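Let us walk through this structure from one buried residue outward. The path goes from single contacts to cores, and then to cavities.

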Amino acid sequence: FFAGLASSSSCPRSPIPPPSTAPAPMATPSTARRVSSVPYHESSPLASSVSLTPVYSASPDILSTVYHLPTHDWPSSASRTGIKRLWNSGHHHPEDLNFDDPSDLDAFYIDQNALLDSYLDAAADHAFNTPEDQEFLNEILPQVRGGEENESEHVDAAARDFKRQEAAAVYASNIANMFLIVAQLTAFLSAHSLSLLANFTDALLDNVSSLVILYTYRVKHHRDKYNYPVGRARLEPLGVIGMACLMTASTLLALEESFAALFSKDPHVVELTLAVKVLVPLALLVKLALYLYCRRLSARSPLVHSLALDHYNDVLSNATSFAAVLIASNFPRFAFIDPVGGIVISALIIRNWIMHTLEHVNNLLGQASSRNLTNVVTFIACNHHPDILMVDTVRAYQVGSGAFVEVDICLPSDTRLRDAHDIGESLQARIERLPDVDRAFVHLDYETDHAPDTEHKIV
């Protein structure tokens with residue numbers, strides 16, 4: 001089944017067997033595999049003996065107007081990787097799935113439905129489809145998208161709305177942190193609590209980290225095509241890593257103070273002042289509101305994800321510090337709870353930021369992207385144009401928060417340079433339109449007998 005199209009970061013060359021009238025069996029999580037080739041040539045035994053006419057979508061996208069793609073007929077074997085066959089054989093109706101408490105099988109089909117939705121979007125956004133697939137798209141798209149028209153305008157409007165929400169999250173976090181640092185300092189000086197000291201240290205560094213994030217947010221959108229030809233998107237994860245290192249180092253100082261007070265022979269006195277009663281709960285509510293707002297956007301932006309993580313840490317630390325001050329001030333014999341609260345808060349902050357840093361380090365090291373992204377890229381390549389004989393290799397790997405994609409396709413050896421160029425570049429443009437892809441590289445070849453490793457230097 002095509003949902004298992006690309007289960008790893010590279011796509012091996014395995015020719016598609018002759019088409020069968022029986023539908024392919026559904027893939028289970030353990031048997032999902034990748035189908036990578038679309039063999040077609042006028043002399044190929046898989047070529048259709050029926051003359052098919054090329055079909056254009058009702059509203060062709062920019063690819064069909066910019067590139068002069070050759071308009072050969074699709075082979076009959078193209079239906080094996082077409083959206084109609086994949087959707088009908090793999091899509092499960094949402095009413096048949098348990099979303100509240102999904103079993104392993106339900107979770108698999110939920111993920112598979114999401115993948116097929118991505119295939120549907122990719123097929124609907126293409127100017128070339130087989131007649132069978134185009135007829136299916138005309139029928140299914142109004143049902144799936146609620147009969148929306150001018151879908152590209154809706155997508156653009158949604159993207160613009162998300163950018164506004166992302167900017168609002170960044171600026172609101174900066175303004176709130178500048179106010180909260182004053183509140184935390186006032187509460188600490190009035191109560192002399194080590195838990196509040198850890199909170200104040202965290203709030204102080206929140207301002208530094210927010211300024212770092214704000215700087216990276218502004219710089220990465222300021223293009224310098226001469227000094228940074230592919231942009232500066234990797235500055236964002238570098239800023240997150242630097243911020244995490246700074247917060248961890250400073251939190252270690254608060255952790256040291258808490259341990260010193262815990263084992264000190266002098267009694268530790270904590271006062272529950274009016275400033276603590278008012279400012280700490282206020283800080284808790286503000287951070288909780290910011291966390292709930294940023295969490296809605298965190299899945300689509302690593303920048304907002306780091307802000308959401310920061311606000312989540314602050315919610316826990318403010319709640320812990322307030323509870324520790326209440327106990328230590330009302331029950332003097334439990335005064336040790338205050339330094340213990342400082343230790344817990346500091347350890348929690350350090351732990352969360354270490355985990356967050358490791359995630360960004362793996363992305364900067366070129367970790368393989370998600371299977372779903374590789375699946376979608378392979379689906380696009382296999383169904384991009386009838387002259388593509390085979391999808392040789394597909395690699396998707398992280399370069400910062402975005403992904404770089406490499407695709408090798410095989411064309412007939414007698415393809416004109418102009419046609420080969422337009423097929424390859426239009427495929428590159430389609431892949432780069434995926435939201436998770438920063439850059440795509442399409443390599444054109446006329447045979448697949450060589451080993452893929454011979455095409456690049458091994459580093």
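Ala122 touches Phe379, Ile380 and Arg430, not counting residues up to four places away in sequence. The model is predicted. Ala122 sits in helix H3. Is Ala122 buried or exposed? Its relative accessibility is 8%, and buried means under 20%, so Ala122 counts as buried. A remote part of the chain comes back here: Leu434 is 312 residues away from Ala122 in sequence, yet the two C-alpha atoms are separated by 8.9 Å.

Stay on H3. Leu115 also belongs to this helix. Leu115 is buried, with a relative accessible area of 3%. Its C-alpha lies 8.9 Å from that of Leu373, although 258 residues separate the two along the chain. Tyr109 is another residue of H3. Tyr109 counts as buried because its relative accessibility is 15%. Here the partner is local: Leu97 is 12 residues from Tyr109 along the chain, with 7.9 Å between their C-alpha atoms.

Leu373 leads to helix H11, where it is one of the buried residues. H11 has 12 residues. Its first and last C-alpha atoms are 16 Å apart, close to the 16 Å expected at 1.5 Å a residue. How many residues of H11 are buried? The count is 10 of the 12, so H11 is largely enclosed by the rest of the structure. They are Leu373, Thr374, Asn375, Val376, Val377, Thr378, Phe379, Ile380, Ala381 and Cys382. Phe379 and Ile380, the contacts of Ala122, are therefore both under the 20% cut-off for buried residues. What do the buried residues of H11 pack against? The partners are helices H2, H3 and H12, together with strands E3, E4 and E5.

Now take the largest nonpolar core. It holds 36 residues. Those touching the most other members are Ile83, Tyr119, Leu120, Val377, Val405, Val407 and Ile431. Several elements give two or more residues to this core. The helices are H2 (83-90), H3 (104-124), H4 (131-144), H11 (371-382) and H12 (417-432). The strands are E3 (390-399), E4 (402-410) and E5 (437-445). Which element gives the most? H11 does, with 7 residues.

Ile83 shows how such a core residue is surrounded. Leaving aside neighbours within four places in sequence, Ile83 is in contact with Leu116, Tyr119, Leu120, Ala123, Asp133, Phe136, Leu137 and Phe379. Phe379 thus appears again, since it also touches Ala122 and is a buried residue of H11. A second core is separate from the one just described. This second core has 24 residues, including Ala167, Val240, Ala244 and Ala254.

Move on to helix H10, residues 337-364. H10 has 28 residues and reaches 41 Å from its first C-alpha to its last, close to the 40 Å expected at 1.5 Å a residue. After H10 comes Gly366, with a positive phi near 90°. Within H10 lies Ile343. Ile343 counts as buried because its relative accessibility is 15%. Which residues does Ile343 contact, leaving aside its neighbours within four places in sequence? They are Leu255, Ser258, Phe259 and Leu262. Glu256 is 87 residues from Ile343 in sequence, and their C-alpha atoms are 8.4 Å apart.

Next, the empty space. Rolling a probe the size of a water molecule over the atoms shows where such space is left. A search of the whole structure finds 2 cavities of 30 Å³ or more. The second largest cavity has a volume of about 50 Å³. Its lining has 11 residues, and Gln184, Ala203, Lys287, Asp314 and Asn318 lie nearest the centre. Helices H5 (151-191), H6 (194-220), H8 (274-297) and H9 (302-330) each give two or more residues to this lining. H6 gives the most, with 4 residues. By type, the lining divides into 3 nonpolar, 4 polar and 4 charged residues.

Finally, step back to the whole protein. It has 12 helices and 5 strands. Of its 459 residues, 47% count as buried. Among contacts with a separation of 6 or more, 77% join residues 24 or more positions apart.

Key. Residues are numbered from 1 along each chain as its sequence is written. This is a predicted model: local features need pLDDT of at least 70, side-chain atom pairs count only at pLDDT 80 or more; totals for chains, interfaces and linings use all residues. Side-chain values use heavy atoms; hydrogens and water are left out. The expected span of a helix is 1.5 Å times one less than its number of residues. A nonpolar core is a set of buried Ala, Val, Leu, Ile, Met, Phe, Trp, Tyr and Cys residues joined through side-chain atoms within 4.5 Å. Buried means under 20% relative accessible area, exposed over 50%, partly exposed in between (1.4 Å probe, protein chains only). Contact means heavy atoms within 4.5 Å. On a 1 Å grid over the protein atoms alone, a cavity is a set of points where a 1.4 Å probe fits but cannot get out, and a pocket is an open set with protein on both sides within 12 Å along at least five of seven lines; lining residues have an atom within 4 Å of a point. Grid points are joined across faces, edges and corners, and a volume is the space filled by probe spheres set on the points. Ala, Val, Leu, Ile, Met, Phe, Trp, Tyr, Cys and Pro count as nonpolar, Asp, Glu, Lys and Arg as charged, and the others, Gly among them, as polar.
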